Amino acid sequence: MMMYQKLIPIIFAACFVFSANAQHTNLPQQFFYVSPSGSDSNGGTIEKPLASFEGAQEMVRSFKNKNANVPVTVYFSGGKYYRTKSAVFTSEDSGTKTGPVKYMAYPGEEPLVLGGKQLQLKWEEYKDGIYKANIPEGLIFESLFINDNEQVLARYPNYDPNIRIFNGTAEDCISKERVKTWAYPADGYFHVIHKAMWGGFHYRITGKKNKGELEMEGGFQNNRPENGIHDKLRYVENIFEELDIEKEWYLDRDENILYFKPEKGVDLQKANVEVAYLENFIKVLGNEENPVKYLTFDGFHFNRSVRTFMLTSDKLLRSDWAIYRGGAVYFDGTENCSIENCTFSQIGGNAVFMNAYNRYSKVEGCHMYQIGANAICFVGDTSAVRNPKFIPYGPPVSAAELDMTPGPKNNKYPAYCTAHNNLLHDFGKVEKQVTGVQISMAAFITVSHNSIYDCPRSGINISEGAWGGHVIEFNDVFNTVLETSDHGSFNSWGRDRFWMVSNGKTEHRVEADRSIIFLDFLSPTVIRNNRMRCDHGWDIDLDDGSSYYHLYNNLCLKNGIKLREGYHRKVENNICVNNAMHPHVWLKNNGDIIRGNIFGTRFFPIRVDYWGTEIDYNWFITEAGLNENRAFGLDENSRAGDPMFADASNGDFTVLPQSEVMALGWNNFPMDKFGVQKPALKVKAKTPEIPEIIMAVKSYGGTYDFYGGQIKSLETNGEVSATGMHDKVGALVVKVPIFGKVPDWGLQKGDVILKVNDTEVNDVSFFLKEDTNPFENGTNVKTITVWRNQGKVVLK
């Protein structure tokens, strides 16, 4: 039923009208209309609407051929639009600056664009509360919806919404004993977290061997496979024998039979049954020479698309990422195109993907939730990168191959694009190396006023330095890194062409020519005016090699700011509640500046031999914190005391005018502008928990003398991250003397001792007792196994 009555009195039936606005009068506009009950043989008027994107597209093209500069709006009435193929838009569908083209929801209505099919099924009882029904031959799907509610593909262990990782994991999920109980597991899936909890892996089961061993393919969804898979955090799905509780289902693809165990009270004979069938709703395809311009999609609800985790294989240079270049809405080769005020839900893969050449295109005012992979992606083509490498800790760019030409090789990357005023949450429901806004091989991307939370990894991620100039501002990012580890609400890597795995080699290369630091940067990246909280990592995490960043006016609510080795980071006028800086493995002459911040504790340095250009004029909430920092030789002019926040318990960390902090040059920044500001989304958005300020210094366990050197147990997530370890095991070498047993054994500062001969070292206590210390109890020590530079090294 059409629902256009609101505009009938003011829109002419001919649909070609003149309108007035504040600047111009008597501007012509063209309107077309689409309805689920319409027909593409109609004329597209309000009385006789069209039925589809394709029908409207044909009308718009015909009109624009003769009226290029006349604005065109295609109104979609509310209702369900089932899609079985992508709507593809090319440069033929472009608007102009004065005559843009908009496909949009009719005011007050929501067109629901569904990437699925309705099934008319005849159910019959099977056994144990399970029903079965025949489906059309050849129809394959992995998402089932009963009365609009998504059901659970049969899995082990069973789905539990209260379990944080994978909603349930089982160490024995692919044990030989369990696999033997499965008659035909082919087309099942094995999902597993990375051994170091750096994302996840996914495998398709292709069969099983007689001894109960699975045959599988996959595992390419993560760019750090060398570390292996987790031995406990794993589950399987799409296995018939695991269909044992309500809401679970299984599709026998060979026999075309659907098995389902409904919840009590569901009448299957009357239930609406739908399945996800389509991967992509909208494709906008142009190129640099012939881009799609001034085309907008506004107010649609895109719902139900297929999962794409077995297509996630494209390595994003030397970051930890692989990605699938696809999405529910996909832009490639656009200028000034936009997705506005749309809702994305029950999406199997990425929601929005801007690939390669895109300029001044944007995602604004959208709500994205229940997303299988990433929410918004801006990803360039690797052909634009000079000296591309794809193995994070593999061979670096050699001196002979180093291209000294700054910047990109071509224009196949997003630039000057925007993600603004969006509400992004509950993404990464399937894949775990994901984020709310992903930026890779792009330039001058603005990410502003987004609320991002409830996700397995970071809220915002930048995969490398190519090509900088981004502005990350006024975002509210929290409740992140829920299913992984060693990450942040904001995360970045910087394994760019100058970067080498060895700090010493990087320092030597940079000392010879400091300009190589900036080869992949067009401009610094700015992170400002954000509120960040990460309870399972760092609030802001600038990881391996991240360089040329300016962080200011950020409110960090939980775990502070981590800076791993990199160059030219400026951190000023930030507030770290109950925390501070986490410098890890800093480089010599790095040019870093940490100035004019408010810190709740002392710093937590790990393997830091060189400090930056300036670390001073900071304010510490406790004298003890300041004094501990001064023990590092830092903060000579910094001060300590109550900073006098206006109303910290309610989230207002404005410093009062009478506070002595002002004497250090402090500048207050807005405390009420974080996150999404669009009223309809702001009322739906969560906000982070505000912590109580702790007026004490957090301390950790002791460091012990070790034959002229020093060792300690791994006790913090920071130490695990800095060493590249997976767990808090082993003994960390903190200090190595110039002469003596420790250097003679080949131990280096930062090594983690894992074994002596074949005996495992769980923590530092191994060396504190004469009966267990092999260097004291007469053991013939032949080998020492250590963790060094992301791998095991055996010292003999």
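So, how many bridges pair E14 and E18, and is the sense parallel or antiparallel? E14 and E18 are antiparallel, over two bridges. By pairing I mean that DSSP finds at least two bridges between the strands. The labels are DSSP runs too, numbered from the N terminus, with at least four residues for a helix (H or I) and at least two for a strand (E).

Before going on, the ground rules. This is a predicted model, so to speak of a local feature I need pLDDT of at least 70, side-chain atom pairs count only at pLDDT 80 or more, and totals for chains, interfaces and linings use all residues. Numbering starts from 1 along each chain as its sequence is written, and side-chain values use heavy atoms, with hydrogens and water left out.

Back to that sheet. Tyr 156 faces Val 236 in E18 as its opposite number. The sheet is open and has five strands, in the order E14-E18-E15-E16-E17, with antiparallel pairing. At the edges sit E14 (155–156) and E17 (214–218), each of which pairs on one side only.

Now a parallel stretch. E50 (549–552) and E53 (569–572) pair in the parallel sense over four bridges, and His 550 has Lys 570 in E53 as its bridge partner. E53 also pairs with E56, again parallel, over three bridges. There, Lys 570 has Ile 593 as its bridge partner.

Just before E56 we get to Asn 590, in the loop between E55 (581–583) and E56 (593–595). Is Asn 590 buried or exposed? Asn 590 is buried, because its relative accessible area is 0%. The cut-offs are under 20% for buried, over 50% for exposed, and partly exposed in between, using a 1.4 Å probe and protein chains only. A polar atom of the Asn 590 side chain is 3.1 Å from the backbone oxygen of Leu 587. Not counting residues up to four places away in sequence, Asn 590 touches a whole set of residues, including Arg 514, Tyr 567, His 568, Tyr 610 and Trp 611. Contact here means heavy atoms within 4.5 Å.

Asn 479 is another loop asparagine, between E44 (476–478) and E45. This one counts as partly exposed because its relative accessible area is 35%. The Asn 479 side chain makes a polar contact with the side chain of Asp 454, at 2.3 Å. For a polar contact I want a pair of N or O atoms within 3.5 Å; within protein, one must be able to donate a hydrogen and the other to accept it, and residues adjacent in sequence count only if both atoms are side-chain atoms. Leaving aside neighbours within four places, Asn 479 is in contact with Tyr 453, Asp 454, Cys 455 and Arg 533.

After E45 (488–492) comes a loop leading to helix H3 (503–512), and Met 500 lies in that loop. Met 500 is buried, since its relative accessible area is 13%. Its contacts, beyond four places in sequence, are Pro 396, Lys 505, Thr 506 and Arg 509.

One hairpin before the holes. E68 (784–788) and E69 (791–795) run antiparallel and are joined by five bridges, with Trp 787 opposite Lys 792. Two residues lie between the strands, and Asn 789 takes a positive phi near 50°.

Right, the empty space. On a 1 Å grid over the protein atoms alone, a cavity is a set of points where a 1.4 Å probe fits but cannot get out; a pocket is an open set with protein on both sides within 12 Å along at least five of seven lines; and lining residues have an atom within 4 Å of a point. Points are joined across faces, edges and corners, and a volume is the space filled by probe spheres set on them.

The largest pocket holds about 990 Å³. Its lining has 42 residues, with Glu 150, Tyr 159, Asn 167, Lys 429 and Val 430 nearest the centre. Among the elements giving two or more residues to that lining is our E18 (229–237). The lining splits into 18 nonpolar, 11 polar and 13 charged. For those classes, Ala, Val, Leu, Ile, Met, Phe, Trp, Tyr, Cys and Pro are nonpolar, Asp, Glu, Lys and Arg are charged, and the others, Gly among them, are polar.

How many cavities of 30 Å³ or more does a search of the whole structure find? Five. The largest has about 120 Å³, and Arg 495 is one of the residues nearest its centre. The second largest is about 100 Å³, and Arg 495 is again among the residues nearest the centre.
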